[in-house]
Amino acid sequence: MTRASGPIASVGNADAHTGARAGGNAGGTAAAGTAASAGAASAATSTTGSVLGAALAGPLVSTQWLADHLGSDGLVILDATVVASTRPDGSPVSISGLDQYLVDGHIPGAVFADLLDVFSDPRGAYPFTRPNAAAFEAAAESVGVGSDTTVVVYDASVGQWASRLWWLFRAFGHANVAVLDGGAVKWRAEDRPLERGHVEPRATDGFLAEERPGAWASKEDVAAVLDGTADATLVCGLPPKEFAGETGNRRRLGRIPGSVSAPAARLVSRETNALLPVAELRRTFGDVLASDARIVTYCAAGIAAAADALALAVLGRDDVSLYDGSLNEWSADPGAPLETEAA
């Protein structure tokens, strides 16, 4: 595999993939068993992955940490980019970042992870519905992740897509996972090496998903908070105008009553794209941190909510649940209350 710190190195025929369907095959599935040494190679990396995972200092790794560990056995880097676009009628649509990964380049060795179809349930009632455990196991293995693999996730935006995949891995019991602080934006700004083209996932010895209790909140859980039968703080990751009900792409606009606003896009530095310093994050989440109550994050589709959950993890709060249906589900129920006035 060729690397380059200036011109982007080429891996495979990127041009042949230009124009691939938005929800493509996430770079292909792992070719386990195609070589006689595949099993031995997988076994050799499992222990290394566990040791490397122990070196993770928290839910974030720096660009320097990743640069120092590029090519390490047991490490899988995942590009979780999704591109925001618009339909001809002006309505928003999410498009796979596969073309961007293949043509514009990616971190060396990174495998593309398709959040649209592979790491979501395409049959779900709403976009980005989480997969079940069996489907997640297959998805993890398809990008070369086994139970002992250390995973670093990034995206080419402000980290919300990477945060979603980080949350999914955590929710299914995989502790050795972190988000690249600043993502591809910071990596490129520092003139670090890039590659173009497809990266074939490694063979694995299997991924075992064990759902973590409390990782997800249901609509009923949120309703229980509103009627006082459950104690939790609701945190909304939507932009301020959408939080206030001034804009949005749902028939019913606004926020769930009593929510605290923590816009995901405001959690990162405009200069570096890295997560804000802890002191600034504490100010953003001041009202949330003042309470010992469990925290439930939500947004429109459970994406920005994951960025809030990541920031809260950096602040030491692991008593967080993510409302997967978020406002796509909540607002679809005419009887579910919404607030629309400015906070």
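**Figure 1. Crossing of helices α5 and α11 in the predicted model.** Helix α5 (residues 160-171) and helix α11 (residues 304-314) are roughly perpendicular to each other, because their axes cross at roughly 75° and angles of 65 to 115 degrees fall in that class. The two axes come within 8 Å. On the α5 side, the contact is made by Q160, S163, R164, W166 and W167. The residues contributed by α11 are A306, A307, A309, L310 and A313. By class, this contact has 7 nonpolar, 2 polar and 1 charged residues.

**Figure 2. Surroundings of T129 in the loop between β6 and α4.** The loop holding T129 runs between β6 (111-112) and α4 (133-142). T129 has a relative accessibility of 18% and therefore counts as buried, the limit being under 20%. Leaving out residues up to four places away in sequence, T129 touches S120, D121, G124, R164 and D324. One of these, R164, also takes part in the contact of α5 with α11.

**Figure 3. The largest nonpolar core and the contacts of F119.** This core has 81 residues, of which L78, F119, L165, W167 and F169 touch the most other members. W167 is also one of the α5 residues in the contact with α11. Apart from neighbours within four places in sequence, F119 is in contact with A113, D114, P131, F136, A139, A140, V143, L165, L168 and F169. A second, separate core has 17 residues, including L56, V61, A110 and W187. In soluble globular proteins, nonpolar side chains tend to be buried together.

**Figure 4. The cysteines C236 and C299.** The sulfur of C299 is the nearest cysteine sulfur to that of C236, at 7.2 Å. A disulfide requires the sulfur atoms to be within 2.5 Å, so C236 is in no disulfide. C299 is likewise in no disulfide, and the nearest cysteine sulfur to its own is that of C236. By this rule the model has 0 disulfides. C236 is buried, at 0% relative accessibility. C299 is buried as well, with a relative accessible area of 3%.

**Figure 5. Overview of the protein for orientation among the close-ups.** The secondary structure comes to 12 helices and 14 strands. The protein has 343 residues, and 50% of them count as buried. Among contacts between residues at least 6 apart in sequence, 79% join residues at least 24 apart.

Notes
Residues numbered from 1 in each chain as written. Predicted model: local features only at pLDDT ≥ 70, side-chain atom pairs only at ≥ 80, totals over all residues. Heavy atoms only, no water. Buried < 20%, exposed > 50% of the residue type's maximum accessible area, 1.4 Å probe, protein only. Axes fitted to C-alpha atoms, helices over the stretch in contact; angles between N-to-C directions. Helix = DSSP H or I, 4+ residues; strand = E, 2+ residues; numbered from the N terminus. Parallel < 35°, antiparallel > 145°, perpendicular 65-115°, else oblique. Contact = heavy atoms within 4.5 Å. Nonpolar A, V, L, I, M, F, W, Y, C, P; charged D, E, K, R; others polar. Core = buried A, V, L, I, M, F, W, Y, C linked by side-chain atoms within 4.5 Å.
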